[in-house]
Amino acid sequence: MREQPIGEAVEDDERVEVIAYHRGDTHAAIDTLLEDIRHLRRQLALTEGAMSRGMARGWRPSYHRD
């Protein structure tokens, strides 16, 4: 799969690719995507802890869900 810029909409063919990668098992596809989200949130928390406040001028990640 190609990487997409932040904010770009997910296209139908990307959904098909994800499901095909999991051999049609939609539950496995969702599980993988949720684990990716958890991993990225952990990485963001680690990065936030390592950054100085001045480096990001007080920016803090938003953890709310839309």
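Biologist: About how much area does the protein expose, and what share of it do carbon and sulfur atoms supply?

Modeller: The protein exposes about 6100 Å², and carbon and sulfur atoms supply 57% of that area. Please keep in mind, as we go on, that this is a predicted model, and that every value we discuss is computed from it.

Biologist: What percentage of the residues in the protein is buried?

Modeller: A residue is called buried when its relative accessible area is under 20%, exposed when that area is over 50%, and partly exposed in between. With these cut-offs, buried residues make up 8% of the 66 residues in the protein.

Biologist: How many helices and how many strands does the protein have?

Modeller: There are two helices and zero strands. Helix α1 covers residues 12-21, and helix α2 covers residues 26-50.

Biologist: How far apart are the end C-alpha atoms of helix α2, and what span should its residues give?

Modeller: The general idea is to multiply 1.5 Å by one less than the number of residues, which gives the expected span of a helix. For the 25 residues of α2 the expected span is 36 Å, and because its end C-alpha atoms are also 36 Å apart, the expectation and the model agree.

Biologist: Which side chain reaches to the backbone at the start of α2?

Modeller: It is the side chain of D25, one oxygen of which comes to within 3.1 Å of the backbone nitrogen of H27.

Biologist: Where does H22 lie, and is it buried or exposed?

Modeller: H22 belongs to the loop between α1 and α2, and it counts as buried because its relative accessibility is 16%, which is under the 20% cut-off. If we leave aside the neighbours within four places in sequence, H22 is in contact with A28, A29 and T32. Of these partners, A28 is found in helix α2 and is partly exposed, with a relative accessible area of 24%.

Biologist: What is notable about the phi of R23, and is R23 buried or exposed?

Modeller: R23 has a positive phi of about 55°, although it is not a glycine. R23 also has its place in the loop between α1 and α2, and at 80% relative accessibility it counts as exposed.

Biologist: What separations do we find between residues that stand apart along the chain, such as R15 and A29?

Modeller: Here one takes two residues and asks how far apart their C-alpha atoms are. R15, whose place is in helix α1, is 14 residues from A29 along the chain, and their C-alpha atoms are separated by 9.5 Å. R15 itself is partly exposed, at 43% relative accessibility. A second pair is A28 and V18, which are 10 residues apart along the chain and have their C-alpha atoms separated by 9.8 Å.

Biologist: How many salt bridges does the structure hold?

Modeller: Side chains of opposite charge can pair when their charged atoms come close. This structure holds two salt bridges. In one of them R38 pairs with E35, the closest N and O atoms being 3.2 Å apart; both residues lie in helix α2, three residues apart, which is about one turn of the helix. E35 also meets R42 in a salt bridge, again with 3.2 Å from N to O. Salt bridges that share partners thus join E35, R38 and R42 into one network. As for accessibility, E35 counts as partly exposed at 35%, R38 counts as partly exposed at 43%, and R42 counts as partly exposed at 43%.

Biologist: Which residues make a nonpolar surface patch?

Modeller: The residues are I30, L34 and I37, and the patch they make is about 250 Å². Residues need over 30% relative accessible area to be part of a patch, and I37, which lies in helix α2, is partly exposed with a relative accessible area of 40%.

Definitions and conventions
Residues numbered from 1 in each chain as written. Predicted model: local features only at pLDDT ≥ 70, side-chain atom pairs only at ≥ 80, totals over all residues. Heavy atoms only, no water. Helix = DSSP H or I, 4+ residues; strand = E, 2+ residues; numbered from the N terminus. Polar contact = N/O pair within 3.5 Å; in protein donor to acceptor, adjacent residues only side chain to side chain. Buried < 20%, exposed > 50% of the residue type's maximum accessible area, 1.4 Å probe, protein only. Areas by Shrake-Rupley, 256 points an atom, 1.4 Å probe, with all protein chains shown as cover. Patch = residues over 30% accessible without salt bridge, like charges linked within 9 Å, V, L, I, M, F, W, Y side chains within 5 Å. Salt bridge = Lys/Arg side-chain N within 4 Å of Asp/Glu carboxyl O. Contact = heavy atoms within 4.5 Å.
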